[in-house]
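Open your viewer and get a selection box ready. We will go from one chain to its parts, and then across to its neighbour.

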Amino acid sequence: MLLQEAAAAGAHPLAGTAAEWIWLVPILPLIGFLINGLLSLSSVAKLGPKNPAEHHAHHGDHADDHHDAAGHAAHGHGGSHDDHAQPARHRYAAIVSLVGPAVLALSFLLTTTIFIALAGAHAETPFVKRMFSWIATGNMGIDASFQVDQLSMVMAMVITGVGTLIHIFSVGYMQDDPGYPRYFAYLNLFVFFMLVLVLGANYPMLFVGWEGVGLCSYLLIGFWFSEKANADAGKKAFIVNRIGDFGFLVALFLLFANLGTLSFAGVNAGADQLAPGSALVTTICLFMFLGCAGKSAQIPLYIWLPDAMAGPTPVSALIHAATMVTAGVYLIARSAVLFSLSPVASLTVAFVGALTALFAATIGLKQWDIKKVLAYSTVSQLGYMFVGVGVGAYAAGVFHLVTHAFFKALLFLGSGSVIYAMHKAYHHTGNHDDAQDMRNMGGLRKFMPVTFILMWIATLAIAGIPPFAGFFSKDEILGSVFARTHGSTLADATWLGIPGSTMLYAIYVMGLAAALLTAIYMTRMMLYTFHGPNRTGEAERTHLTEAPWVMTAPLAVLGVLSAVGGWLNLPAFFPAGPVQALHHWLEPVTGQAALRVTKGAEAHLEHSTEYVLVGIAVAIAAIGIAFAIARLKPQALVTKSQSPASEGFARVLEEKYFVDEGYDKVVVQPLLGVSRSVLWKGMDAGLIDGLVVNGSAQLARGIGWVGSRMQSGQVGTYAWVLIIGVVAVLGAFSLR
Amino acid sequence: MPYDLGIPGQLTLALAPDLVLLGGAMALMLVAAWGPESAARQRTVGIGALVLCVAVLAMVIAVAIRQPSAANGVIAVDGFRWAADALFLLAAIIAIALSIDYNPREGILAGEAHVLTLFATGGMMLMAAARDLMVLFLGIELMSIAVYAMVGLNRRSPRAAEGSLKYFLLGAFATAFLLYGIALVYGATGSTNLAEIGERIAALGLSRSPMLLVGIALLLVGFGFKLAAAPFHMWAPDVYEGAPTPISGFMAAGVKAAAFAAFLRVWLEAFPGVYTEWHKAVWWLAATTMVVGNIIALQQKNLKRMLAYSSIGHTGFILVALAAGTPQAATAFLFYLFAYTLATMGAFAVIIAVGQSGGSGDRIEDFHGLWHSNPGLAVAMMVFMLALLGFPVFGGMGFFAKWYVLQAALQAPAPQTRLAIILVITSTISAGYYVWVVMVMFMKQRATDALRIPPMPAMTRWVVTASVALILFFGVYPEPLVRLARASTAVGIAPVDGGPASTAALQGQ
């Protein structure tokens, strides 16, 4: 395997080009992490005190701890502002502002260079840059190596590109936080792991990245950890992801046990040994999908993502919208060969995706927290991506991943800009209201015109209005589902007794329904936030202003991308331009697998059918927007504190179907009960402490007692034990 | 470039590193004895010993690169020997560096302390080189007598005197077994040369000879004592606790490594033909040692005693690889010992740094809340503990060390599945005391009357920093070390030139 790879690399058209420097792409953010991490360590204790009296009271050995906690508690977020002291800017804020985004920008430049080299090379096989042998033992040889191919480079472009913009935005958003260097250290570390995830050339490398981004996600969700709710949200994300990671690991074990390799090249080559549709390959794929469901927030493991909004808003944009949560989609696209062998697993992926898309969209209808709306919207859109990769339209899934990264990052950053303005206004007057609740906003278009326009672009994009980015990608996915209802391996398979084609029609309808709801809840969010009268408060209103350019400039770039991102992959029936560019670009990676699903035929519908489908999709989006504008009355809204509790189904939606409560009753409480009564009281305290630990202590004490009884003293005892040993060894030799 | 060991000049060449070390040690002994004891003289001798060790280490590396070889003789000239020598020298360098700071603090001003370390190291190098039971015995005695004296260096401490005497008495006892074993093996085969013994066992069909088997059994007892394998381990906790702390580390790492190196060579070169006969004894030795070491360590309140039992546990882990009896075991063994040496000596270095004059610093209370007073030391100790536990990433190469031993045990022609299971279970048990140290450092409060920990002396600081750095580095990037270990055991140590019966015997299992 090593030899094959080495031979392939030697003759590869990318050998000797910029692709040789691929390792530097993740290393640059790692360097940023080290610098910012050191800065955050070295100066916390020297930070100027906000309240001298308080500082002196805590002066002592543990000054750092207290100070750290005090700093965060004072800043907090949401409705937690207790003091009106001047924010304490970190003493190294200037260096951090430079280093944090700069490493990302450099990384982006290098990625672009390699991307161009790859585009020029027309490489049919991936270029693998082997760094060193990481785990080499017995029959297992795993290299630390990076893979340059069409899929990994698209992902790297999105991560470094959108990542750079979000880093720049963060400079404005987070500058006054006492934990500023720590924030950038985590953010850089996240990008490092994310790049390892997508650039690694084998599953273990991917897994390292997978766990690493999980760690960073935990750290950043709980960034303001002095508030218990934030720390709990971080823990929830981490624990729910463990369930998924268990599935991923089992899938890897099964892969290694059956194919004897874990490199992408090896698995792709060895997949032929797995019988199509066999129980084995279905098991592997389903376990892998369990991992994806955890990381990418699909039913039933989506519950952590809405809570993850406890982190700073740029984090939500980068990790919980644009990059990390799409890792599951990437994993399936990367394992396309395996999934194409198992129609049952693929149908499961698509169905769970469609269900999630619809389910999360209904919850999004009744959320009041602007970030919660976007969180459920993200869950819903991730569902769309899984529909795409589930039905074997891998390029379509990745296409939606890319456009979603543009418009959802824009929406999140835009909401960040809104929250920033609300925060500042409340801060000036000492108001403790919730800065994220839409009932406290309204009419913001007058105060924040740039954010207002850009967020409408993103809203039209996500709703699927042409010619914005989301229209093309969503249409591509729905069209692919429709195209596979006949003449594909999926249509021929049965899923729990239901014919595959029936399933695909159901998925298509669910997708359309979700599209309708998406248009409605997004319009609702825009109406309540930016239109109608302002509800922020008389005193606060004068302080509402547009965010500084360092925040609006990244928004503008994302606005352009959201508007034209669809041109990456124009539909085949489009009269002008290079059609299906991304589709053809990804062909070397996923083309074969996609063809297997469609039984070797290019899955294209008649152009007339396509026009009808597109017409339906656009009509549905337009109806949704029109419906929302017609029915919702921002004028009638009252602020959060004056709002009555909702009733009936609205309350069920607002409370997210009580899923969290249900999990708590069915899973968490029984588990805690068992842990407490059986594992802790019974096993740990009773058996282990009581019998094993104390028992062995008793035993050793007993031996000691026997020893002390022997008059010859300890050396004599030792000699005796030695003699017993000699007899035992001689016995072992004679008794074999 | 093969040496002909029959020619005196070439034999001298083959022994050059050992001779330079011992010659230098004698010269330093004269320097130490030249005038009255003083801190300055102690330091001068110590620095001289350090320089000598580094020079010999460089020499060993230079020789190893040329890959010399030799036909069967009394001295082995192969990669395994150079790798083992490098390990011993590393242990010696760390021990001497720590002693330079530690000895004056405890009032040990004799420069001879360092010279004794050099003599012991010379003995170890001879043990790794020996291809003849007589040379082996010479090496063992050279090492042991020096170490007996080193344990009792602190004449004012009753515990040191007690430990030294116990070690000497029991050591003499065990040496008798070893020597008797050698005599019986010679009686059965008519040779003390390892290769010849192997050949004759095969040629004469001696695998059933009681004289030979009893001889091997007694040799096993002798080695078991030096390795501190249960039930021959009783001396270790008392001796480690009484000895000056750097010497405890040197014994836990260097002496054990030397005994293992010799053990491995004798068993793989002389006795592969009787694998089925000795396998059961080694199997039980490994199992007992793992269980006894790790379980008793759980209830130790003194860190030096805890580390002593932990080192017994590690002896058991390495014996698992040996029970497999393959050249891969030798590779795993080299890697394991490198990781283990760094982690154990690092842990002893932290104990030295935490302690005050008079020998405290080894109670678990001394580590309570260390993170709050000395975060650097606490993090270093955490790395050492996790490395000994075999924890991935934060335990650095400790994880891979255990992994390779498990692999060697499971992928042998005769897989040691049950031993591997015991290894994993006892490793889990060992978390009980390793993680406990980490827990008290980070989660307990420092006692209010705890003495301030003085700033670390330069040498100690270097040892701790370098050990942490190496452990973490090779934990991410173990390849070069693995390649070295593999290359070192590729030729020479393999039982191919030990006897034709070896492969058949292994496959017969």
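## Starting with chain A

Colour chain A by residue number: among its contacts between residues at least 6 apart in sequence, 81% join residues at least 24 apart. Bear in mind on every stop that this is a predicted model. Switch to a cartoon view, and chain A shows 29 helices and four strands. Chain A has 736 residues, and 57% of them are buried.

## Three residues to click on

Select His404(A), which sits in helix α18 (residues 394-429) of chain A. Is His404(A) buried or exposed? His404(A) has a relative accessible area of 0%, so it is buried. Show what surrounds His404(A): leaving aside neighbours within four places in sequence, it is in contact with Ala321(A), Thr378(A), Gln381(A), Met385(A) and Ala409(A).

Next, pick Arg439(A), in the loop between α18 and α19 (449-463) of chain A. Although charged side chains may be what you look for on a surface, check this one: Arg439(A) is buried, at a relative accessible area of 9%. Not counting residues up to four places away in sequence, Arg439(A) touches Trp368(A), Arg535(A), Leu637(A), Val638(A), Thr639(A), Lys640(A) and Ser643(A).

For the third click, go to Leu595(A) in helix α25 (residues 581-597) of chain A. Leu595(A) is partly exposed, with a relative accessible area of 34%. Draw a distance line from Leu595(A) to Ala360(A): the C-alpha atoms are 31 Å apart in space, and the two residues are 235 apart in sequence.

## Between the two domains of chain A

Now give two colours to chain A, one for domain 1 (93-654) and one for domain 2 (655-705). The C-alpha centres of domain 1 and domain 2 of chain A lie 39 Å apart. Where they meet, 15 residues of domain 1 of chain A are in contact with seven residues of domain 2 of chain A. Together domain 1 and domain 2 of chain A bury about 1,000 Å², with 56% of it on carbon and sulfur atoms. Select Ile303(A), Arg651(A) and Val652(A), the residues of domain 1 of chain A that lose the most area to domain 2 of chain A; together they account for 38% of what that side buries.

How many salt bridges cross the interface of domain 1 and domain 2 of chain A? The rule finds zero. The count of residue pairs in polar contact between domain 1 and domain 2 of chain A, with both residues at pLDDT 80 or more, is zero as well. To see what builds the domain 1 side, highlight α16 (343-364), α17 (370-390) and α27 (648-654) of chain A, each of which supplies at least two residues. With five residues, α27(A) gives the most to that side. By class, the side of domain 1 of chain A that touches domain 2 of chain A has nine nonpolar, two polar and four charged residues.

## Across to chain B

Bring chain B into view. The contact takes 29 residues from chain A and 39 residues from chain B. Chain A and chain B bury about 3,100 Å² between them, 72% of it on carbon and sulfur atoms.

The rule finds one salt bridge across the interface of chain A and chain B. Select Arg130(A) and Glu479(B) to see the pair, whose closest N and O atoms are 3.6 Å apart. On the chain A side, show β1 (127-137), α28 (659-709) and α29 (714-734), which each supply at least two residues. Of the side of chain A that touches chain B, α29(A) gives the most, with 13 residues. That side has 19 nonpolar, eight polar and two charged residues.

Stay on Glu479(B), which counts as buried at 14% relative accessibility. The side chain of Glu479(B) also meets that of Arg483(B) in a salt bridge (3.6 Å, N to O). Arg483(B) and Glu479(B) are four residues apart in helix α20 (residues 479-490) of chain B, so about one helical turn separates them.

## Last stop: inside chain B

Select Asp18(B) and Arg81(B), a salt bridge with its closest N and O atoms 2.8 Å apart. Asp18(B) lies in helix α2 (residues 16-34) and Arg81(B) in helix α4 (residues 79-105) of chain B, so the pair ties together parts that are 63 residues apart in sequence.

Finish with Arg131(B) and Glu269(B), joined by a salt bridge with the closest N and O atoms 3.1 Å apart. Both Arg131(B) and Glu269(B) are buried.

Definitions and conventions:
Residues numbered from 1 in each chain as written. Chains lettered and ligands numbered in written order. Predicted model: local features only at pLDDT ≥ 70, side-chain atom pairs only at ≥ 80, totals over all residues. Heavy atoms only, no water. Domains from an automatic or database assignment. Contact = heavy atoms within 4.5 Å. Buried area = accessible area lost by both parts, 1.4 Å probe. Salt bridge = Lys/Arg side-chain N within 4 Å of Asp/Glu carboxyl O. Polar contact = N/O pair within 3.5 Å; in protein donor to acceptor, adjacent residues only side chain to side chain. Nonpolar A, V, L, I, M, F, W, Y, C, P; charged D, E, K, R; others polar. Buried < 20%, exposed > 50% of the residue type's maximum accessible area, 1.4 Å probe, protein only.
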